Amino acid sequence: MSRFMRAATRKKREHLLEVAIRLFIERGYEQVSVDDIIAATRTSKGTFYHYFKGKDEILLDLPRKLITIIQAWSERKPTQVPSLEHHINRLLLELAEQVAPSARLLRSWIALSLQNDSLKSAMEKLQQTLYQSLLRWLPEPGKTNALVSAFFGTLLLWCSRDDGSDLPAAMRSQLIWVWEGIRHTAEERTATLEEEPKGEFHMQVAIIGGGLAGLTAAAYLSEQAGIRGVLFERSPQLGGRAFTYEKAGFTLNYGAHAIYGIDRHKLSVMERELGLSFSSKQVDKRHVMYAKNGQLTPAPLDFVNLLRTELLNPMQKVRFVGEISAIIANIHNVRNYPTLGDYLAESDADEDVKELWEHLVCSNFFITPEEARKVPGPVISDYYHNLFLSSRPVNYVLGSWAVITNQLKQKIEVSRRWDIALQEGVESIRYADQQFILKTKNREVAFDRIIFAMPVQQVCKLLKGTPWEPFLAPYENNTATEVMVYDVGLKEVVARPFSYISDMDNKLFISDVSATDHTLVPEGGQLLQGIAYLNDAFADETERKAYLDKKTQQMEALFDRYYPGWREATEVKRVSKKAMVASVKNIAGNRLLPIRLESVPFHFCGDGCQGKGELAERAFSTARQAAKAIIDELAAVTV
């Protein structure tokens, strides 16, 4: 019986709210009295004041509804939304649609909030809730403030005019300008959906491989009206090694996904050129630690940490500062040596300085110290020149790779000029009638141009038996960069002594990914990712297995030492004992494939090709370069 009464009570209160708000909308808040509400609802003063302290309290219902919408929106995970911009716009437009029928009421509400403490408090709570919710997705206060100001400013202008104009349309128009400012570009943007151009297409392009490189190349080409194409991917999902999935509320990647020097990274160029929208957060350099001989010390990532670190003595610190300064000035001697090992062999630096160089290259190139010494000197010089000049050296894109891959996929699809063929691997290629014929399990398709966006080793395999096989022979024995990845999702934060700990003795590290990217875990959870650099030279399978078992034990011991209680708190665990993080190690003995190879009529892109940066950046930069080469070819043909 009591439950029935509570339900009836709620229903009566809602009826009072609905009628009162309708009267406010029809007549204006100031023109409606409590007696008018009582008369319209056929209740008594006692009933009215049982539910509300006064007429102004009815207006508190509006901010409550808006806050409910904001909270529901905030619960979505980044992997579930097409893009950051789309997701934020969706919220602001939904809020605008909620208040759109109530211009007069909103005007009264805003006016009263300047006089009435409870309404003023409700307004401040609404603004703060919106700001904090947006900040969770876009953790840059200036940009978040711009969006909040645009939202409330548009509301104020719209309700003050009271001319029957369309609030969602006004909000949509305002958001276009705000996002232009957020992206720091004055370039004119075309509508996402455009009319299909009339006339014939001039070029048919195939991209083989749906990883980061393939998606990037297709996204650039999808903007060209004269190009049509198909993106072939043999697996059931796009993204390749950047594939992201969710388990028990945790978002997991296949390997590390930090972005090094994001302000100088090709991804930032793509953000402007392709109109991508994402946010990132920098790893706190003060919470990055190295462990050596069982002792913890700050990692020398900048001059502050270099002064604090115990890895080097005062004279060694002076020497290392000189090394960094030379790198920044682009005059470091390592540029003139075939490999880091050759430079260190002739260097008069102390062994601790040499070991630090080794370890830095290990952690940035994801390879063992032995192979760090094989990295070409010019590669190291260019990489660290770029990184040391960066104001944002290590960042995570909030929401992980899915935020990028989802947007690239969306851009390809909305062009309506490209098809994405999942689970359709290319089995062979031949040339006939001035076109390249690609054969899959189910069909043969003719194309004018082909971009290979797959590991070099797979390219060599696919072109076996073709006239182009001999030209790929120098690249077929390239070795990949493989690491052990040990992910644990914890139901609670067991410890947070730092955001990154690198074990210099055993050549492995643990990142507290959730300390930088809170979107990857359920509320209150913690996501730790351990990575071990791996050797790949073993006498037999037994030796390899014993080596991997030892690495697993070392990793778990590192977890035990710095994150006690992790075993009991584990909700999700995934161990990949040989995860590929780069299809080609950038070391002497391996050869990165050019974008174009003499006597071969194809374009190549991916992290195994010659491009800017390492790992994912090389995939982005080479894909952009390959796409622009084809666009230039199209322009030459159509002139």
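Here are three short exercises, with solutions, on a predicted model.

**Exercise 1: two domains and their contact**

Work out which residues make up domain 1 and domain 2, and how the two parts meet.

*Solution.* Start with the domain assignment: domain 1 is pieced together from 205-243, 402-478 and 587-638, while domain 2 is the stretch 302-392. Next, look at who takes part in the contact: five residues come from domain 1 and twelve from domain 2. Now check the spacing, and you'll get 34 Å between the C-alpha centres of domain 1 and domain 2.

Then turn to the area. About 600 Å² is buried between domain 1 and domain 2, and carbon and sulfur atoms give 72% of that. On the domain 1 side, the residues touching domain 2 split into three nonpolar, two charged and no polar ones. Finally, go through the pairings across this interface: zero salt bridges turn up, and one residue pair is in polar contact.

**Exercise 2: the annotated span**

Find the residues that UniProt labels "DNA-binding region" and describe their secondary structure.

*Solution.* The label comes from an unreviewed UniProt entry and covers residues 33-52. In the model, that span is 75% helix and 0% strand, and its end C-alpha atoms sit 13 Å apart.

**Exercise 3: placing Ser235**

Say where Ser235 lies and what its side chain reaches.

*Solution.* First, locate it: Ser235 is in the loop that links strand S2 (227-233) and strand S3 (244-247). Second, follow the side chain of Ser235, which reaches the backbone oxygen of Gln237 at 2.9 Å. Third, skip neighbours within four places in sequence, and Ser235 is in contact with Leu422 and Gln423.

Notes
Residues are numbered from 1 along each chain as its sequence is written. This is a predicted model: local features need pLDDT of at least 70, side-chain atom pairs count only at pLDDT 80 or more; totals for chains, interfaces and linings use all residues. Side-chain values use heavy atoms; hydrogens and water are left out. Domain bounds come from an automatic or database domain assignment. Contact means heavy atoms within 4.5 Å. Buried area is the accessible area (1.4 Å probe) that two parts lose on being put together, summed over both. A salt bridge is a side-chain nitrogen of Lys or Arg within 4 Å of a carboxyl oxygen of Asp or Glu. A polar contact is a pair of N or O atoms within 3.5 Å; within protein, one must be able to donate a hydrogen and the other to accept it, and residues adjacent in sequence count only if both atoms are side-chain atoms. Ala, Val, Leu, Ile, Met, Phe, Trp, Tyr, Cys and Pro count as nonpolar, Asp, Glu, Lys and Arg as charged, and the others, Gly among them, as polar. UniProt positions are given in the numbering used here, feature names are shortened, and annotations may be inferred rather than shown by experiment. Helices (H or I, at least four residues) and strands (E, at least two) are DSSP runs, numbered from the N terminus.
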